[in-house]
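Here's a short chat about reading the surroundings of a ligand. Take a look at the model below before you start.

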Amino acid sequence: MNLNLTDKVIIVTGGAKGIGLGICKVLAAEGAIPVIIGRADADNQIAIKEIEAEGGKALAVVAELTNPEACKSAVEQVITLCGRIDGLINNAGVNDGVGLESGDYEKFVASIHKNLVHYYLMAQYALPELKKTKGAIVNIGSKTADTGQGNTSAYAASNGGRNALTREWAIELLKYGIRVNSVIVAECYTPLYDTWIKTLENPEQKLKEITAKIPFENRMTTAEEIANMTVFLLSDKSSHTTGQLIYVDGGYTHLDRSL
Ligand SMILES: NC(=O)c1ccc[n+]([C@@H]2O[C@H](COP(=O)([O-])OP(=O)(O)OC[C@H]3O[C@@H](n4cnc5c(N)ncnc54)[C@H](O)[C@@H]3O)[C@@H](O)[C@H]2O)c1
């Protein structure tokens with residue numbers, strides 16, 4: 001299947017590591033030009049080298065996405081570099097454990113900025129270009145919006161917000177032919193996941209328990225599997241799919257727990 005992504009300019013927030021890097025690699029393999037928006041120049045450059053070593057092309061812009069001005073400037077830099085934007089993948093975020101008892105007002109608001117506010121700002125700033133190209137948006141989300149996790153109020157609330165914005169934007173952007181969808185992740189081993197699991201007691205045992213409960217093949221989802229769905233949703237091969245939340249999770253969120 002030809003996804004018609006050759007030379008398309010796609011912004012990927014948090015594209016230097018984990019799921020975002022997986023998405024950039026699949027985009028590049030399809031001939032697109034992923035533009036990584038990430039906070040650390042060194043990480044961005046390492047990711048570009050990895051993509052180039054696999055025969056692809058990628059660009060990067062340094063931005064700390066919790067800073068609204070940096071979001072604006074990042075989009076402006078992409079337009080200066082590439083002259084167009086064909087798609088936006090909102091992906092950067094962190095499960096930062098701001099709970100009811102462990103958190104406070106400042107931590108809660110800061111976490112909403114880490115996980116939700118920049119999704120809105122990046123879409124808003126990219127919109128004039130997406131209108132010209134009839135580009136698409138994919139928001140990466142987390143099962144915690146449906147299942148909760150405990151001790152992570154702000155992250156769960158942000159993910160509820162990501163899902164709601166997907167439906168809301170799908171409607172608001174119908175008139176421009178811009179499609180908006182979400183890919184929901186449950187358990188994918190990334191640098192973020194590694195950090196999170198190490199906060200638990202006996203992480204190796206916990207990892208075994210989690211993977212045993214993932215119905216399909218009792219294993220973690222790979223970043224490439226999430227990327228494949230994301231890139232398909234971004235492409236015009238999914239031209240009549242909008243406002244959808246697609247769970248790429250081996251059945252973890254919805255299938256019978258007694259499996
Ligand atoms: N890994 C999982 O199992 C899992 C599960 C559910 C949802 N998710 C979601 O997937 C997304 C990506 O997660 P991951 O596991 O790949 O994370 P990761 O930490 O492994 O990679 C994220 C990348 O984004 C960058 N980044 C994060 N916040 C940023 C900011 N404010 N400004 C600039 N750069 C920033 C990080 O530096 C890093 O390079 C997150 O939004 C997360 O909510 C992941």
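What follows is a dialogue between a learner and a teacher about the ligand and its shell.

Q: Before we dig in, what kind of model is this?
A: It's a predicted model, where local features need pLDDT of at least 70, side-chain atom pairs count only at pLDDT 80 or more, and totals for chains, interfaces and linings use all residues. Residues are numbered from 1 along each chain as its sequence is written, and side-chain values use heavy atoms, with hydrogens and water left out.

Q: How many residues surround the ligand?
A: A residue is near a molecule if one of its heavy atoms lies within 4 Å of it. Here 27 residues surround the ligand, and the closest are I19, N91, Y155, C188 and T190.

Q: Which kinds of residues make up that shell?
A: The shell divides into 13 nonpolar, 9 polar and 5 charged residues, with Tyr and Cys counting as nonpolar, Arg as charged and Gly as polar.

Q: Which atoms of N91, L65 and R39 lie by the ligand?
A: A polar contact is a pair of N or O atoms within 3.5 Å. For N91, a backbone N or O atom is 2.6 Å from a ligand oxygen. L65 also uses a backbone N or O atom, 2.9 Å from a ligand nitrogen. With R39, a side-chain N or O atom sits 3.3 Å from a nitrogen of the ligand.

How values were computed. A polar contact is a pair of N or O atoms within 3.5 Å; within protein, one must be able to donate a hydrogen and the other to accept it, and residues adjacent in sequence count only if both atoms are side-chain atoms.
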